[in-house]
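Visitor: I am new to protein structures, and I would like to learn how the words on the labels are earned. Could you walk me through this one?

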Amino acid sequence: MPLADIRPYLEDSRRKKYALGCFNVFDTETLEGVIEAAVNKKTPVVCAIYEPQFKYSDLESFTDLIKNIASKTDVPVILHLDHATELASIIRAIKCGFTAVMFDGPVGASFEEKVEKTKKAVEIAHLAGATVEAELGYITRVGVDEKASQENIADPKLAKEFVERTGIDILAPAIGSVHGMGEQKATINLEMLRQISMSTNCYLSLHGGSGVDDSIVQQAIDLGINKASVYTRLSNRAIERVKDCLSTGKGDISVILNEVRNGFREVVEDRLEVLRSVNICNPANETCHYCTSEKYCVSKASSPLVSDSQPYIKSSAIGSMSNRTYEDVLNNVSSLIADYVKNK
Ligand SMILES: [Zn+2]
């Protein structure tokens with residue numbers, strides 16, 4: 001099916017108390033590992049591309065591949081831009097067909113500056129029907145600033161204001177998790193999460209999921225987390241499998257690359273279980289009615305958010321172009337964005 005709009009699945013996760021799994025992908029092997037796991041677990045999946053990766057790969061070609069694989073896949077695939085710091089990255093991602101973006105804004109920005117920049121990101125992304133996620137507080141990173149994880153926890157008093165002033169769709173509050181942590185030893189402030197969850201109706205996202213104990217992850221889901229990002233555990237498992245392969249002296253590069261795919265698939269399957277994101281694509285589940293997959297859905301009734309063609313392009317962006325091709329539609333969205341940027 002075409003790349004999916006994340007909103008129906010966020011809403012479903014809220015009703016059923018599970019979290020959508022969000023996993024970073026870099027190439028064919030990591031992408032296929034993640035998607036195979038989602039198919040095996042019959043659940044929607046979020047594939048994330050991290051902004052710094054833009055300089056290492058041809059984003060346009062890679063996203064063509066993702067769209068092609070997603071179109072042949074029977075579970076919804078959401079394409080998400082992870083931690084963008086520049087509006088230009090959001091625009092480039094939307095032109096590539098991303099259905100969800102995350103905007104951090106410039107490093108070290110004040111609350112006011114962050115609100116203003118995030119508002120712009122939301123206006124641009126919403127023109128194309130893409131959702132926007134933004135961080136509140138600051139989620140630290142191993143090897144950079146992990147010792148500051150507790151002092152950068154999100155302020156629940158600012159959550160409601162931040163969501164209302166920016167218009168974001170998903171809030172990623174810093175609650176003590178740390179990017180890049182392979183062992184489950186992060187200290188998570190569930191009380192802060194509870195307060196934030198009560199103060200806003202925004203969907204909530206957990207980052208640094210590799211470093212959070214499974215039982216805490218599930219408590220966080222019960223408190224309102226709808227989407228959880230996990231990467232380091234996937235990377236570590238792939239590295240272990242490659243090392244094992246190299247130590248036995250067996251195989252060539254094709255075998256080694258396959259170990260990367262297998263490592264990603266194994267850990268994603270395991271994490272989807274922890275996130276309770278299993279058997280979501282099930283004819284008994286009304287969420288399947290949002291889906292255009294023929295394999296699992298009993299009904300192909302379309303929702304107000306999703307159409308059979310390109311679910312994430314709003315009708316306002318398509319305008320009178322309904323008889324044109326998808327490329328025309330994207331060009332139209334691009335020109336809307338270009339006008340917007342010029343006039344601001
Ligand atoms: Zn993150």
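**How the labels are earned**

Guide: Happily! The chain holds 12 helices and eight strands, and please keep in mind that this is a predicted model.

Visitor: What makes the eight strands a barrel?

Guide: They form a closed barrel that runs β1-β2-β3-β4-β5-β6-β7-β8, with parallel pairing. From one strand to the next, the twist averages 25°.

Visitor: How do you know that β1 and β2 pair?

Guide: Two strands count as paired if there are at least two bridges between them. Strand β1 (residues 20–24) and β2 have three bridges, in the parallel sense, so they pair. Cysteine 22, for instance, stands opposite valine 46 in β2. On the way from β1 to β2 the chain passes through helix α2 (residues 28–41), and this β-α-β crossover is right-handed.

Visitor: And what makes β2 and strand β3 a pair?

Guide: The same cut-off of at least two bridges applies. Six bridges join β2 to β3 (residues 77–84), and the two run parallel, so they pair as well. Cysteine 47 has leucine 79 in β3 as its bridge partner, and isoleucine 49 has leucine 81. Here the chain crosses through helix α3 (residues 59–71), again in a right-handed β-α-β crossover.

Visitor: Why is strand β2 called mostly covered?

Guide: Five of the six residues in β2 (residues 45–50) are buried. Cysteine 47 shows some of the company to be found there: leaving out residues up to four places away in sequence, it touches Phe23, Val25, Leu31, Val34, Ile66, Val77, Leu79 and His80. In the largest nonpolar core, which has 94 residues, Cys47 is among those that touch the most other members, along with Val34, Ile90 and Val101. Helix α10 (residues 253–274) gives the most to this core, with six residues.

Visitor: Why is serine 197 called buried?

Guide: A residue is buried if 20 or more other C-beta atoms lie within 10 Å of its own. Serine 197 has 21 such neighbours, so it counts as buried. It lies in helix α7 (residues 190–199). Beyond its neighbours within four places in sequence, serine 197 is in contact with Leu204, Leu223 and Gly224. Its C-alpha atom is 8.4 Å from that of isoleucine 225, which is 28 residues away along the chain.

Visitor: Why is lysine 17 called partly exposed?

Guide: Partly exposed is the label between 12 or fewer neighbours, which is exposed, and 20 or more, which is buried. Lysine 17 has 14 other C-beta atoms within 10 Å, so it is partly exposed. Its place is in the loop between α1 and β1.

Visitor: What makes the phi of lysine 17 worth a look?

Guide: Most residues other than glycine have a negative phi. Lysine 17 is not a glycine, yet its phi is positive, at about 60°. Histidine 83, in strand β3, also has a positive phi without being a glycine, at about 55°. With 20 C-beta neighbours inside 10 Å, histidine 83 reaches the cut-off and therefore counts as buried. Just after α5, there is a positive phi of about 80° at glycine 129.

Visitor: How do you know that helix α5 has close to the expected span?

Guide: The expected span is 1.5 Å times one less than the number of residues. Helix α5 (residues 111–127) has 17 residues, for which 24 Å is expected, and it reaches 24 Å from its first C-alpha to its last, so the label fits. Its buried residues include Ala121, Val122 and Ile124.

Visitor: What covers the buried residues of helix α1?

Guide: The cover includes β1, β5 (131–136), β7 (203–206) and β8 (225–230). The buried residues of α1 (residues 7–16) are Arg7, Pro8, Tyr9, Leu10 and Ser13.

Visitor: Finally, how much of the chain is buried?

Guide: Buried residues make up 49% of the 344 residues. Among contacts between residues at least 6 apart in sequence, 69% join residues at least 24 apart.

Definitions and conventions
Residues numbered from 1 in each chain as written. Predicted model: local features only at pLDDT ≥ 70, side-chain atom pairs only at ≥ 80, totals over all residues. Helix = DSSP H or I, 4+ residues; strand = E, 2+ residues; numbered from the N terminus. Contact = placed C-beta atoms within 7 Å. Right-handed = clockwise from strand over helix to strand, strands pointing away. Axes fitted to C-alpha atoms, helices over the stretch in contact; angles between N-to-C directions. Core = buried A, V, L, I, M, F, W, Y, C linked by C-beta atoms within 7 Å.
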